[in-house]
Amino acid sequence: MKFLKKFLLVSFITGAALSVAVAVFVGMVLSWPGMVVNPTVLKWAKPLAWRYGYEVDWGSADVKAASLSPLHQRYDLAFSDLCVASRDKLKSGCFRTLTVSFEIAWDGGLKFPAFGPLSAAGGTATLSFPPSEAPETRPAEAPKLKIPKIVLPGPFRQTRFQPVVIDVQRLAVITEEKIRAGGLLLSTLPDPFEHLGTVVLQADLFEGFGLESLSASARVSSPSRFLENDWNLDVSADVVKTGVLSADAEAEIFPSGDGSYTVNVQATARIREGRYRLQTAAVLGSGNLEGKVTASAVGFTPEVQGAYARDCPYGFRETEAGSGRGRFRLDCPIKVDLSPFRLPSATMAKLVTVPYNLDLVAVAELETDLVPTPGSRVKGTLDVTLEPVSRELMDARGSAKTRFAGIPADFPKGWEATTDLNLSFGVKRFQNLVHALERSAFAVPAPVNALDGTLQVDLNGRTDLIRTRGTFPLKFATHLKSSNQDFDTDGKGELQLAFIKRGSKTAVDMELQLANVKLELPRFGLSSLPSLFMDGRIHVPEAMKKQVVSNFFEYHFKITTPKEPVRLVSELVEEGLPVFLDLDVTREKVSGTVKVGATNLRLFRRTARLEGLTVTLAQPPAASEVNGRVRAVYAEYKIDMWIQGTVAKPHVYFESVPPLAQDQMVAALLYGRPFGDLNSTQSSSVANTSQALTQNSVALGSLFLLAATPVENVNYNPDTGAFEAKVRLTDNTLLTVNTQEQKQQFGVRRNLSGNWVVNTYIENDNEKRKQTGVALFEWIKRY
Amino acid sequence: MRRWISIFLRGLTFLLVAVTVSSPPAHAWREAPRTPKNQPPSVEVCPGRVTVVGAKLFKLTKVERSFVCGDSGSDSWKRVPMSQAKYHLRTFLQERGRYQPEFSEDGDRLIVRLGPLTRVRSWTVNGAPKDADVQDRRRVKGRILTPKLLNEIEQWLVRRLKSRGYPCPDAKSKADPVTGDVVVEVTPGPQQNVIAVTEEPVLRMNPGVPRRFDAFKVGKPFNDDLLSLSADRIETDGLLQSTYFKTTCEPEGAVLEQKTFAGRPRIVSVGFGANTEGVVLVKGSWKHTRLEDNASLFEAEGFASYKRQKLAVSSRLYPFKPTSRWHLLPIGEIDHQRESEFHFLSGDVQINAAGGWDDQKIGFKFSFGPDLNYVETYRGAQPGLTRFLTLRSRIELMSHYFEYYLTRPRTGYRASFTVNFGNSNLLSEVTAQRFLLDGEYLYNFRHYEPPLLVFGVRGGLYGTFARGDAATLAKLPPNYRFYLGGSPDLRGWGRRELPSEDGALSAAFLSFEIRLAELLPGGFQPFGFFDAGIFGSKALRFDAPVYYSPGGGLRWESPVGMIRGTVGHGFKAGGNQAGTKDGHWQFYVSFGEEF
């Protein structure tokens, strides 16, 4: 017991002594805090940081601690070259100088009666992310938009704030791909009463973003000096990339009571030629978002002047409280202004009425997160309806409803997107279109511009945007007519839009059936047909290459004449020349066949039967293969003219029943008489024609022209390949068809008419040694 | 007086032809613009719609105007939109060598500035074999670049290759319209020999007859020029109305198929005109070109002018196989000539054996046989009737290219040698032997194509061997005496002016000519010449003076034939010039005549 008492006594005395000692120590520390808060003690504390995985070091430290009262102390710290680094050195930061002052007191609780000034200058920081630290690819959980309440915590509510400036001149984030770097400046601007008034954060990103400049600033202020949740956050950002991008945005967020927040955003951007503007005001409540948006896009494509949406309501409502996921809905009238066609004068602009202004209504509904992320699934519909447009030039109406679902980050994998398209463009009077385009670069050429009627283009049907890459069913129909022409066509095909797949081109693939087409050929007049196409041999090589590069629109037309042939009307054929087409037309080439059907035509002064002529198109067009037969029936015999070879150099030969000599057949064809009955000019023409045909020197066009008209005479120079035929169109009119205008050899005998010739020759008289030039007008006949 | 009439007629012929050929169509002046002062010239292509500015003369053909201006006569082509007019104009301007036109619009009017003319700056031929000698071609650089010029270049290359043994060549060109650079890719194909010739049969004519005219040999290298020459020979002869060769390239060589247009065998012709001797003439002939299956010929020809009347009957009889060129050549001829130096009537009967031969470069023809000649001389020698029976032989050699370019002389050579042997013991009244040797050589400077300079040399050596006594000389007919002067030999002297009215028993001349060919526009070719000649009173013995004549002239290839004008001055040098003709200026205008 005694021992117990003794033990208790000793313990009491010891405890009392210790308490006194502690009290004395605490009293000393509270009275002289510099005893424990000094550079030496801080130096001893460095290993403590290491224990927590960091390394802290500084060049010099100056610590002042003063006790304003036993429970109220003030500290003034100053460091130079203060650096902190993680143990693996992947994260590190330094400040050249750091000074901070604060007061700490106990007044019913821990409080900071004063904070600041704080100045951290010359800061640098590096954050390195080795590949192993790449973010995981698994879909993240849908983030929830939770705007925090911004109020000063209890220890700081009565704090007297002095200016705070933290300047990080370079903050670098190093990843495997690149280094991104920028600067940060955080500052507070206390009011004259030393309350925390405004906090400003400025950031400039200057490396690794491919931009000339990217700067952003956030400014948070509070009327109650952050004693209540009445803050106002203003954010602004500017981005510049010379010649490509220039954008700025301003956003304002502030609490609007009832736990909701008001968000106002204004943004403008200029991306290349396009100018974009967005303005929205929304109220973000608990699990819902309601707002209106006004947006415009101008100049983003030459065909469209601009697209405008004004006060479009949109909203988001959580489907499950607190989940952050809900349904988004947008109902927006959109006005699209098309670029006017280039008209040469104001007068034309008055005459031409084009539906330049399209009114669309877009309604979108989708299931998504309130804060959409690439990894979160979206699902919804987009209805775009074109308000019916009726103008003098054309009508347009239609709608498109698109259903889609998928994860944006995985696009197009796993996506479903189908569109029901019902779009229709119609030209009520083709002549209006002809007049409208007449002075433009896209004028309808003659003879089609003489036609009148309707033209209809329909995009109608359902398409799978993902699997068919934006292919829309397309219909095309014309019902055009003029006094002696028809142009009724019916086409079905697909339109593939380029924006669906990156790098792809907008393309049209169509089967065009020429149901009833009759076109008039020009009158050839009194001279030979001029060249209607640029000579492919003469071109600038660089220009050709540029053209190829600039092609962004691909097309493939399969043109057929399933029912009626195309009929070509000409003064040179008795009836319309029936032409059956089976063509594949692409930007690069035209292939397929052109068949001229059986018809009667004028062949060398008499009616003959074209049994058929097929041209198999090739590149170049002059190399196209031709195969045809014309039959001329005479009282005593039938003559077949076979045309084979290429268009430029057809090989023409003759067969007859009963068999006749070549000269007899050509004579019969050219003049309808036996060779022996011909005069000198005619028989010479027969020989020349035969030689030119045999040597493939008459192009198909010239042959057609030659065969269709009465032949006066034919000259052919086998040395130069020059072929010239004079055909009599009327009693007083001669047409010259030639393969080469420039003659290289003068003949000494020139046919005049009938049997008359001019004959010049040299008469050598060896006996009398005389050389005499003679010019004779001579009448010659073989019999 | 007669000379002035002659000059007048020649000049009239020249003027008629020149005016007829060179008159431009009336509409060429109709569209000449009328431009106010201080304004750029302009041409209204389509009144009120299309105006060409900056050009004094611009013309579209009527059908071109339809495509640009529209055709009021066709409902469908009445309106041609401006963009289509631009397109067609751009195409039509290409035909005129303008590839950079500028278009602008002034209200409803299209203003066209034609832009610069593109001329060929350089041209390159790739793939041509060395023996094609494409560097011979000139007149490409500097010319206006048009599709027709490319055609011309391609066709020339094909022709050139066809004449160098490549029967199936091809040439494709391309050109840069801005720089004027032209590149031609040539595919010569194989160099081949002719391995076979077939011909279309002609009714009542043996196969093989056309082979008599061949200027080529089977088994020798192909040459398309020789095919043309062979066909020309047949047509000129009248055997067939027309013929040509079709060539097929087989692996073994070139196969020729001769296409024939026989025509009727009988040819009758009647004509009137003028010749360079300055006389109006009428001419008629009748001939049968295929008398029998071997295509023997019979011809009767009459000719009449103020100075000369002639009636000739001749025949070519082919007794051997159809391809044989051996034939009999009977000729009967009555000739009446009235010249300033002589006046005679002659009757001539010949029976010749004749033949010929060709290889790849030259053709050779010969004939020989008796020639019975009666001459009734009224003036110029001893008047009265003279009878000759001579053995006449003639050999003629001509290079193929001389013959090929006969109407456009530029290269080749020819020579002929004619000799007559007569003896008083054999039906002749005098013993006299005559020979005529003449020749010509043309050189195309550096083988340019078309030629730039053509050098020509021609000469003749003539002689009559006869006794020099007065009786013999008096009986010698005019064609046994030799004269020089005129466009065939000494162009600075009058026609047949030298040495005197009596002529000479020997004569020789040498002419040089240099011609600037195909350089000046319009087909005009200036030339200079120097001719020299000499005479002798005995065969092959010549006496001074030497007559010579420098001069110059102009040649024009008109569409109806060759017209040449020369001016020269006659001179003489050496020897005893007493009694000889004095030199003077001499002008000639000739038609159809060549050096």
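Arg410(B) is a buried residue, with a relative accessibility of 6%. This comes from a predicted model, so every value below is computed from predicted coordinates. The side chain of Arg410(B) has a partner: a salt bridge links Arg410(B) to Glu449(B), with 3.3 Å between the closest N and O atoms. Where do the two partners lie in chain B? Arg410(B) sits in the loop between α7 (400-404) and β19 (412-422), while Glu449(B) sits in the loop between β20 (432-444) and β21 (453-466), so the pair ties together parts that are 39 residues apart in sequence. Glu449(B) counts as buried too, at 13% relative accessibility.

**Other charged pairs**

Side chains of opposite charge can pair when their charged atoms come close. Over all chains, the structure holds 57 salt bridges. One of them joins Glu365(A) to Arg329(A), and here the closest N and O atoms are 2.3 Å apart. Glu365(A) belongs to strand β18 (residues 357-369) of chain A and Arg329(A) to strand β17 (residues 325-338) of chain A, so this pair ties together parts that are 36 residues apart in sequence. Are these two side chains buried or exposed? Glu365(A) is partly exposed at 28% relative accessibility, and Arg329(A) is partly exposed at 37%.

Both residues also belong to a network, in which salt bridges that share partners join Arg325(A), Arg327(A), Arg329(A), Asp331(A), Glu365(A), Glu367(A) and Asp369(A).

Back in chain B, Asp170(B) and Lys172(B) meet in a salt bridge of 3.4 Å, N to O. Asp170(B) is partly exposed, with a relative accessible area of 32%, whereas Lys172(B) is exposed at 53%.

Here are the three pairs side by side:

| Salt bridge | Closest N to O distance |
|---|---|
| Glu365(A) with Arg329(A) | 2.3 Å |
| Asp170(B) with Lys172(B) | 3.4 Å |
| Arg410(B) with Glu449(B) | 3.3 Å |

**A sheet in chain B**

Strands of a sheet pair through backbone hydrogen bonds, either parallel or antiparallel. In chain B, one open sheet has 4 strands in the order β1-β2-β4-β3, with mixed pairing. Which strands form its edges? They are β1 (42-46) and β3 (102-106) of chain B, because each of these pairs on one side only. From one strand to the next, the twist averages 25 degrees.

Within this part of chain B, β1(B) pairs with strand β2 (residues 50-53) in the antiparallel sense, over 4 bridges. Cys46(B) stands opposite Val50(B) in β2(B). A helix joins the picture as well: α4 (residues 82-94) of chain B lies across β2, β3 and β4 (109-113), and runs at about 25 degrees to β4(B).

**Chain B as a whole**

Stepping back, the secondary structure of chain B comes to 8 helices and 27 strands. Chain B has 595 residues, and buried residues make up 52% of them. Among its contacts between residues at least 6 apart in sequence, 55% join residues at least 24 apart. Chain B exposes about 26,300 Å², of which carbon and sulfur atoms supply 59%.

**A nonpolar patch on chain A**

The last stop is on the surface of chain A. Which residues form the nonpolar patch there? They are Val22(A), Phe25(A), Val26(A), Trp32(A), Met35(A) and Val36(A), with about 550 Å² of accessible area together. Phe25(A) lies in helix α1 (residues 2-31) of chain A, and Phe25(A) is partly exposed, with a relative accessible area of 44%. That value passes the patch cut-off of over 30% relative accessible area.

Note on methods: Residues numbered from 1 in each chain as written. Chains lettered and ligands numbered in written order. Predicted model: local features only at pLDDT ≥ 70, side-chain atom pairs only at ≥ 80, totals over all residues. Heavy atoms only, no water. Patch = residues over 30% accessible without salt bridge, like charges linked within 9 Å, V, L, I, M, F, W, Y side chains within 5 Å. Areas by Shrake-Rupley, 256 points an atom, 1.4 Å probe, with all protein chains shown as cover. Salt bridge = Lys/Arg side-chain N within 4 Å of Asp/Glu carboxyl O. Helix = DSSP H or I, 4+ residues; strand = E, 2+ residues; numbered from the N terminus. Buried < 20%, exposed > 50% of the residue type's maximum accessible area, 1.4 Å probe, protein only. Pairing = 2+ DSSP bridges. Axes fitted to C-alpha atoms, helices over the stretch in contact; angles between N-to-C directions. Contact = heavy atoms within 4.5 Å.
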